Amino acid sequence: MLLMLNLFHKNLAKVEPFHQLKFLHTTLSRKGLEEFFDDPRNWGEKNVKSGDAWNIKQLRGKSSEDLHKLWYVLLKEKNMLLTLEQESKRQLRPMPSPERLEKVEKSMKNIDLVVREREIALRLLQTGHEKPVPGEWRNDFLGRTYWYTYKEWPIPWYLNKKYKKRKFYYLPHVNHFIRLRLEKSLRRRVRRQNLEKTRQKVLERKFPHLAVKSQS
Amino acid sequence: MRLSALLCAGRLRLPPGYRHGTWRPDTAAAQHRNPPGLRRRKIFVEPIAEEDWKVFRGDTVQVLAGKDAGKQAMVTQVVRARNWVVVEGLNTHYRYVNRTAKYAGTYIASEAPLLLSQISLVDPEDRKPTEVEWRYTEEGERVRVSLRSGRIIPLPLWQRWDGIVPEQWIDGPKDTAVEDALDKTYLPSLKTFEEEIMDAMGIVETRRAKKSYWY
């Protein structure tokens, strides 16, 4: 495994055993692999203190450069935590403070959201469109209507054999099945509404003041 | 704003007939009692809107019905899905915990949840049960007002779920300081994120994209 690879054999290193990881050389950073591991002072701890995740409100006030740098900082931290998680599974021990991983993932998701919001705002201003990729409503061969997003191709559609095989229309015999599907959806909607009405009646029977309020 | 509102609903999705207990849905006990595919008889709960909810954890309430009627204590747990309130030390029954083959177990008193109708909030100065309403002060703050005397019942101190008090927090080596986190460096511009990063890093894109077709 990683620990068995003796990358530091050229240096005379002192070897210290730790509770969580086995013998590891504590030399200067070689090849940057020490970034996959936590601060050596935290090795063997049961709980590691960590602050809150980054809030969306805080991130909305940051410039693109700051967000870019923060993303990579969080990515490195996530890699470190994932190695820690895997090593704890391997050693059949509980991972110290797994909520750190959730916080990092939440922060990264928030950064992604902020960047996407800004992109959508700019696109709305410049083009008036919200979606990054254009599309249109199309029918498939079963008669269903769905939103088809355009894809990027190197050749025009009339030369694209795979695309020409796809059917974006339906034949007349499908109309019968469209009608059946419509009836099914109507029946489901009516069933749902009836269920809500019966539930409301039962609630009014159990809690009479609700019936009085709805009348007044 | 719209995108984050749409994607915010990524929390745990519970099945439609889920029966809530006093445990949180992501704990092992809750998962043991509610395995997937379980269908139990539906329990009808009086629907109370979220903004009309009056009782919070840490509030002092008086029990009006049951074994410990007339006693006051603090609320330790609230389960809004069942309109339940668990009050400290009241409405208890006794059970054994940590039972093993050799050891009979510890005999402890465990509190049973009480419904909202069996509970009443207490006036802070009178210390008598009152009816409470949500009203707005002159400053515009939404407060709970006792109907009998008109006094404001202050909200209990809200603690974070992990017990951390932000004012007393000491930053670790990997934590950002409060001023740095709240520091606003964003300057709105008509450049996309990628373009701004390219400007900052001095990347110049001289390649031209080949003609592609969108369909």
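Buried residues make up 29% of the 216 residues in chain A of this predicted model. The exposed surface of chain A comes to about 16,100 Å², and carbon and sulfur atoms supply 58% of that area. Among contacts in chain A with a separation of 6 or more, 52% are between residues 24 or more positions apart.

**Chain A: elements and surface**

Chain A contains six helices and five strands. Read from the N terminus, its elements follow the order β-β-α-α-α-β-β-β-α-α-α.

Helix α3 of chain A spans residues 99-126 and includes A:Ala121. A:Ala121 is partly exposed, at a relative accessible area of 41%. Its C-alpha atom is separated by 45 Å from that of A:Lys46, and the two residues are 75 residues apart along the chain.

A nonpolar patch on the surface is formed by A:Ile155, A:Trp157, A:Tyr158 and A:Leu159, which together have about 440 Å² of accessible area. Within this patch, A:Trp157 sits in the loop that runs between β5 (152-153) and α4 (161-165) of chain A. With a relative accessibility of 48%, A:Trp157 counts as partly exposed.

**Salt bridges**

Side chains of opposite charge can pair when their charged atoms come close. Over all chains, a search of the whole structure finds 25 salt bridges. Three of the pairs are listed here with the separation of their closest N and O atoms.

| Residue | Partner | Closest N and O atoms |
|---|---|---|
| A:Asp140 | A:Arg144 | 3.1 Å |
| A:Arg187 | A:Glu183 | 3.6 Å |
| B:Arg148 | B:Asp126 | 3.2 Å |

In the pair A:Asp140 and A:Arg144, the aspartate A:Asp140 is buried, at 11% relative accessibility. Its partner A:Arg144 is partly exposed, with a relative accessible area of 43%.

Why are A:Arg187 and A:Glu183 separated by about one helical turn? The two are four residues apart in helix α5 (residues 175-206) of chain A, so about one helical turn lies between them. A:Glu183 counts as partly exposed, at 26% relative accessibility.

The salt bridge between B:Arg148 and B:Asp126 is in chain B. This pair links distant parts of the chain, 22 residues apart: B:Arg148 belongs to the loop between β9 (142-146) and β10 (152-153), and B:Asp126 to the loop between β7 (119-121) and β8 (132-136). B:Arg148 is partly exposed, with a relative accessible area of 48%, and B:Asp126 is also partly exposed, at 34% relative accessibility. Elsewhere, salt bridges that share partners join A:Asp38, A:Glu77, A:Arg100 and B:Lys174 into one network, with members from both chain A and chain B.

**Chain B: a three-stranded sheet**

In chain B, three strands make an open sheet with antiparallel pairing, in the order β8-β9-β10. The edges are β8 and β10 of chain B, each of which pairs on one side only.

β8(B) and β9(B) pair in the antiparallel sense over five bridges. One bridge partner relation here is that of B:Arg135 with B:Val143 in β9(B). The two strands form a hairpin with five residues between them, and B:Gly140 in the turn has a positive phi of about 105°.

On the other side of the sheet order, β9(B) and β10(B) run antiparallel and are joined by two bridges. B:Val145 stands opposite B:Ile152 in β10(B), and B:Arg144 stands opposite B:Ile153 in β10(B). These strands also form a hairpin with five residues between them; the turn contains B:Gly150, whose phi is positive at about 85°. The loop between β9 and β10 of chain B also holds B:Arg148 of the salt bridge described above.

Is β9(B) largely enclosed or largely open? Four of the five residues of β9(B) are buried, so the strand is largely enclosed by the rest of the structure. In a regular strand, side chains alternate between the two faces of the sheet.

**Chain B: annotated domain**

An unreviewed UniProt entry carries the annotation "domain: KOW" for residues 54-81 of chain B. In the model, that span is 0% helix and 43% strand, and its end C-alpha atoms lie 14 Å apart.

How values were computed. Residues numbered from 1 in each chain as written. Chains lettered and ligands numbered in written order. Predicted model: local features only at pLDDT ≥ 70, side-chain atom pairs only at ≥ 80, totals over all residues. Heavy atoms only, no water. UniProt positions renumbered as here; feature names shortened; annotations may be inferred. Buried < 20%, exposed > 50% of the residue type's maximum accessible area, 1.4 Å probe, protein only. Contact = heavy atoms within 4.5 Å. Areas by Shrake-Rupley, 256 points an atom, 1.4 Å probe, with all protein chains shown as cover. Salt bridge = Lys/Arg side-chain N within 4 Å of Asp/Glu carboxyl O. Pairing = 2+ DSSP bridges. Patch = residues over 30% accessible without salt bridge, like charges linked within 9 Å, V, L, I, M, F, W, Y side chains within 5 Å.
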